[in-house]
Amino acid sequence: MRWILQLAMLATMAWASPAAAGPTLPLMPGYKRTAFTVEDGAPSAATAIAQTPDGFLWIGTSQGLWRFDGVRFERVATLEKVGGSGVRSLLVTRGGDLWIGYGFGGVALARGGRILSIDAADAPKGWVYSLAEAPDGAIWAVSGGAMYRYAAGRWTKRSYSQFGRAQRALVRRDGSVWVCIRDATRSRLLRLDARSFSPTVIAELGNGACAIAEAPDGAIVVADQTRIRVGAGMSDALIPRATLPAPMSEAVITVGRNGDAWIAGFSRRIFRVALHGIGRAGVGETATFESPGGAAGYATGAFEDREGNWWVGTDRGIDRFHPVDVVHNSATDPRLLALVPIEENPYQLLVDGQRTVFVRVDRRLFRIAPDGSAMPLAMAGLSAQDVECAARDAGVWVRTMRDTVRLVGGERARSVRLPAGFGADSRCFEDRDGRLWVGIAPSGLIRYDSQDRNPQAVSFDDRPGTIPYMIAQGGSGVVTYVGYGYTAAFGGRAFRMILGYQPNPFTFIGTILQRPEGLLIGGESGLGMLRDGRIRMMPAGEKGVFGDVSGLVQNAAGETWLLSQAGLVRLSSAALSARLKEGSGALPLRIFDQDDGVLARSSIQGFTDLVEAADGRLWFANQTGIYSIDPRRLTRNSLPPEVVVRAVSADGRPIAPAPQLRLAAGTRGLQIDFTAASLGVPKRVSFRYRLAGVDADWIDPGARRQAIYTGLGPGTYRFQVIASNDDHVWNRTGFIMEIVIPPTFVESRWFLLLCVVAALTVGWLLYSLRIRHLRHRFNALLRERLDERERIARDLHDTLLQGFQGLMLRFQVVANRLLPDDPLRSSVDQALDRAEAVLVESRDKVSDLRNEANGPPLEERIRHILEALTQDGGTRTALTVEGTPRPVSRRAAEEAAAIAEEALRNAHRHAAAAHVQVVVTYGHDALTVVVRDDGRGFDQEEAAHKRQQGHFGLIGMDERALHAGGTLSVSARRGRGTEIMLTVPALAAYGPQRARKNPFW
C-alpha cells in the first residue's frame, strides 16, 4: 500500500546523502526553528496540518486528531473516526468548517466541535490523500486513485484511470482542478476544466515526485524530483524557476504569502525557494535546511499559518519555523558557515568612517558587502591577541607583522611602525583628527601624528605602561577605559582620571558613546550618563535589560539600540535621555532574544559588539556568531489573537462553554480555562480578564490561562477575557460570557419576604408576651394593693368605726337622759348628727377601699362639676363625649375629674373665658380629657415663674396625672386661650380586664 511505501522512503531518505548544490544550513534564514516532540505533548507521525479561524492548529496523525494553541496539545477524540484508522488529510474551508479525511476511508465535516451528518453512501472508501475546496464551495477529495466531488449534499466519483491513479489535487481560483496522476512509469500533471471536468495533460513529470501549489497571484507552481516550474500568470505554460539542491522522490510544495515556495518530503531536509516576481523566467534563490543528525525526518508538507509561521510534521512531532528579524549570519552565510571557530572569543565587529562593517572570525577578516554577504580580505594571518580598529575614513587598521600596523581596505595605503620592544597584545584607535593611538603591552599607549609618524608615549595619571581595554572618541578628545572602573580622558599631554574604581557604578565598562548631552556608558551593572562629573544611572533591572551592556548605537530614526544581558534592546533615544535626566518616566522598549533568533547574550570583552552599517542595518556579535537586523524592515504581527474559552467548571462540575451560561442554583465556585492561539511566540501572549460585579478592574493572570472565583452569590455576571499577541496587538473584545446563577430558595425574594413576615410575627409574639407579662405583673400588684386596701378597710371597720359607733351610742344614752328643753340637749344632738355624718362618710371611704370601681362615670363627675360652676354664671360650658363610654378605674376617674375641676376653676376665675369646652374621649389605646377655653391665656415662662413662687395649680395637675398613670400637656399663649390635655393609657384607665385584649390571647 502507498503508506507502507512512504514509510520505507522515509527510512531510506533519512540516510541518503544527496549531491548538494550548496551548503545545508543549521538554521533557515530569517526563521527560528522550534521542535515540538512527544516529550512536549506533541503527537508523532503527523500526516496533515490545518488551521481553523479561531487560530487553533489542527494536526492529523495516524493515531488520531490533535489541536494546538501554541502552549498545549489537546487530543480531540470526538472528531475521530469510530474504530480508529487515524487522519490522513485536513481542509479548512473559507467558511471555517473543518473537513477530515480518514485513513482507510471516510470523510467527515466538523463544525462547532461536532461531526455533521453528510452523505456517506457514495463517499470515498479508501485513504483520503487530499482535500480541496472549489470557488463554488464544492469539496474535492483524492481517494483510491480516483477523484470525488461533494456538492449539493452528495458525492460524485470521477476516475481518470487512462492516465493513472490520482495522487493529490489542487483547485485554482478560476475553478479549474489540477491533479497529479501517476502510473507505473511516470507522473503527469492534469488540468480539469472548471465546468465539464474534462482532463488536459499539462506536463510529463517523469518517474518521481509530483507536487502542486498555487502562488499568491494565482499562478500554478509545480515541483518534480529535481526542479520547480511556475505557470505564466493564469496560463498552462510552465516556466522553469529553480533547480532543487537534491532530488526528491516524494515531495509536497507550499507557496507562502510572500511568494516563497517550501518543499518538504520524506527526509531531514527542507528547501525554500524565493520565487521573486512569479511569472518571469529565471532561477530563484534556494536555501536548504537540514535538521540535526539523529533528529526526526519530515513526514508532511509545510503549512503556513495566518501569522506567517511555517509548520512541518515529523515522525516524532512537529517543527515550527517562526519568522524573525534577526539573521544569524554565521549560520546562514556560506563563507562564515565554512569556518569552525577555535578561539575563545572568535567574533568581532568593526565599522569605519564610511560605515562599512568588518567582521573578524578567529584570525580571518571579512568585509560585509552591500548585499549583506561576507567578503574575505586577503592578508596575512592575525594574531590571537591582536585587536583591530576601524579607520576614521575607510578600512581597518590591522597589525600584520610584529612591528607593523597597516590600514587594510582603505582608499590609500597607510602604515605605522611600532617601536622596538612592544609585546603581542595590542589595542588601537584612530581619532577624529586622523591620529592613530596604539596600546601595546608592556610599553603602554602611544600616539602617532596625522602623517603616521612621530610616536609619542602618553601616560596615565598613576598607571604608567598600562594599555586600555577600550579607546573611544570623547567630546573634546579621547576617552579610555583601563579596567577596574578606571576611566580617563586625554587632556593634551596626559590622561586625567574622570572615573575611578570607588565611585564607578558600572563595574566593568563595555561600551562608551559620546553624545551631546554627555558620555553614555554601558557596563556590567547598568547604563548611565556621565556629565559634569555626575553620573545618572539605570541599573541592570529585573530582566537584565541594562546589564552587561557591550554595544550602543543611536541611529537617525531616533532609536537607541543596545546589546545587553537581555539580548538586543530597542528603545526611544528621547525617552532614554528623559529617563536619565529625570530619573523616572515611561521607557517603552522591545527586546529581541532567543525567540527572535538571538542565540546568546552580550559578552563584554573590551571591544564593540554592536555597529551600524551604511544601509542602516545593525550588526552585532556574541559567543555564538555574527548577527544582523534591519531596523527599517522589522516585521510586526498585526493579527490580534482569537480568544477561546476551553473549559468551564462550576463547583468542580464541567460545563460546556457557551456565550450564555445558566449555572445550578447555589453555585459558589467557578473556574474558567481560556486560551488564545497565537502560535509565533506563545509565551509573549498576554491576557486580561474580569468578572463584572466581582472584579473592580482587569486582572493580569501572568502565564496562567485560568480564572478562578469562589464565594459567588446569585445574580447575573459578565465574564470577559481579552488577549494580545507577541507584538502586543490586543483583541479588545475577546470572549464575553454571560453567566447566570439562580438563587436557591433560601436566597430568593420569597424567602426574604417570609423571613420578614416571620420576623414581624416573632416580634409581635414577643411584644404580646411582654404585654402579657406586664399585665400579669400589674394584676399582681393591683391584687396586692386591693388586698391591702381590704385589710385596711376591715381594720378600720372593726376598730375605728365600731369604736366610734360605740361612742355615739353612749353619747346618745347621755343625750336621752337630758330634758328636751335643755340647751345642752340641743348641742349634744347637733354633735351626734355631725358625728353620724362623719361616720357615714367614713363608711363610704372604707367602702371605697374595698371596691375600686365604685363611683359614677367620669362624664357624670365632670357634668356635676360643670353644673356647680355654671351656677355662678358668666361662662358658657359644654361637655362632649367621643367614643363608646367605658368603665374607668376609680383612681383614673377621680384624678381626671380633679384635673378637669382645677382647669375649669382656673378658666372661670382667672382666664375670664367666655367659652369652655370639655372633651372626653374613650379611645382604644388611651383615655383623653381635654379642657379648652378662649380666655386670656398665659406665657409658659410666666407659669414656670409662678411655680417657683409656690403656685401649685399646675404642679398639682401634673402630680394627679402621674398618679393616674398618664401624662399632662399644657398649651397656652397669651390672648389665645389655654388647652390642657390629660392622656391616660388604656391599661391604667380601664384596668387590665377592661383594656382591649390581644386578639392572639
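Contact here means heavy atoms within 4.5 Å, a cut-off that the exercise on helix 4 will need. The model in these exercises is a predicted one.

**Exercise 1. The chain as a whole**

Task: Find how many helices and strands the protein chain holds, and what share of its residues is buried.

Solution. Begin with the secondary structure, where the protein chain has 11 helices and 69 strands. Turn next to burial: of the 1001 residues in the protein chain, 49% are buried. The accessible surface of the chain comes to about 47,600 Å², and carbon and sulfur atoms account for 53% of that surface. Finally, take the contacts between residues at least 6 apart in sequence, of which 52% join residues at least 24 apart.

**Exercise 2. Strand 27 and its partners**

Task: Determine which strands pair with strand 27, and in what sense.

Solution. Start on one side, where strand 26 (residues 303-304) pairs with strand 27 in the antiparallel sense over 2 bridges. Within this pairing, Glu-304 has Trp-310 of strand 27 as its bridge partner. The hairpin of strand 26 and strand 27 has 5 residues between the strands, and in it Gly-308 takes a positive phi near 90°.

Now take strand 28 (residues 317-323), which pairs with strand 27, again in the antiparallel sense, over 4 bridges. Here Trp-310 stands opposite Phe-321 of strand 28, and the hairpin formed by strand 27 and strand 28 has 3 residues between them.

The last step is to follow the side on which each residue of strand 27 (residues 310-313) lies: Trp-310 and Val-312 point one way, Trp-311 and Gly-313 point the other way, and all are buried.

**Exercise 3. The surroundings of Thr-300**

Task: Decide whether Thr-300 is buried or exposed, and find which residues it is in contact with.

Solution. Locate the residue before judging it: Thr-300 lies in the loop between strand 25 (285-290) and strand 26. Its relative accessibility is 7%, and buried means under 20%, so Thr-300 counts as buried. Leaving aside neighbours within four places in sequence, the contacts of Thr-300 include Ala-46, Thr-47, Ala-48 and Ile-49, as well as Ala-264, Val-312 and Gly-313. With Gly-313 the approach can be given in detail, since a polar atom of the Thr-300 side chain lies 2.7 Å from the backbone nitrogen of Gly-313.

**Exercise 4. A sheet of four strands and a helix across it**

Task: Work out the strand order of the open sheet of 4 strands, and find which helix lies across strand 47, strand 48 and strand 49.

Solution. The order of the strands in this open sheet is 46-47-48-49, and the pairing is antiparallel. Its edges are strand 46 (509-515) and strand 49 (534-539), each of which pairs on one side only. From one strand to the next, the twist averages 20°.

For a closer view of one pairing, take strand 46 and strand 47 (residues 518-523), which run antiparallel and are joined by 6 bridges; there, Gln-514 has Leu-519 of strand 47 as its bridge partner. The helix asked for is helix 4 (residues 573-582), which lies across strand 47, strand 48 (526-531) and strand 49, and runs at about 115° to strand 49.

**Exercise 5. The disulfides**

Task: Find how many disulfides the structure holds, and how the bonded cysteines are paired in sequence order.

Solution. A disulfide is a covalent bond between the sulfur atoms of two cysteines. The structure holds 2 disulfides, and numbering the bonded cysteines in sequence order gives the pairing 1-2, 3-4.

Consider the link between Cys-180 and Cys-210, with an S to S distance of 1.9 Å; the angle about its S-S bond is -70°, and the link is left-handed. Because Cys-180 lies in strand 15 (residues 177-182) and Cys-210 in the loop between strand 17 (199-206) and strand 18 (211-214), the pair ties together parts that are 30 residues apart in sequence. Both Cys-180 and Cys-210 are buried.

Then consider Cys-389 and Cys-428, which form a disulfide with their sulfur atoms 2.0 Å apart. The pair links distant parts of the chain, with Cys-389 in strand 34 (residues 389-390) and Cys-428 in strand 38 (residues 426-430), 39 residues apart. The torsion about the S-S bond of Cys-389 and Cys-428 is about -115°, so this disulfide is left-handed. Cys-389 is buried, with a relative accessible area of 5%, and Cys-428, at 14% relative accessibility, also counts as buried.

Key:
Residues numbered from 1 in each chain as written. Predicted model: local features only at pLDDT ≥ 70, side-chain atom pairs only at ≥ 80, totals over all residues. Heavy atoms only, no water. Buried < 20%, exposed > 50% of the residue type's maximum accessible area, 1.4 Å probe, protein only. Areas by Shrake-Rupley, 256 points an atom, 1.4 Å probe, with all protein chains shown as cover. Pairing = 2+ DSSP bridges. Polar contact = N/O pair within 3.5 Å; in protein donor to acceptor, adjacent residues only side chain to side chain. Axes fitted to C-alpha atoms, helices over the stretch in contact; angles between N-to-C directions. Disulfide = S-S within 2.5 Å.
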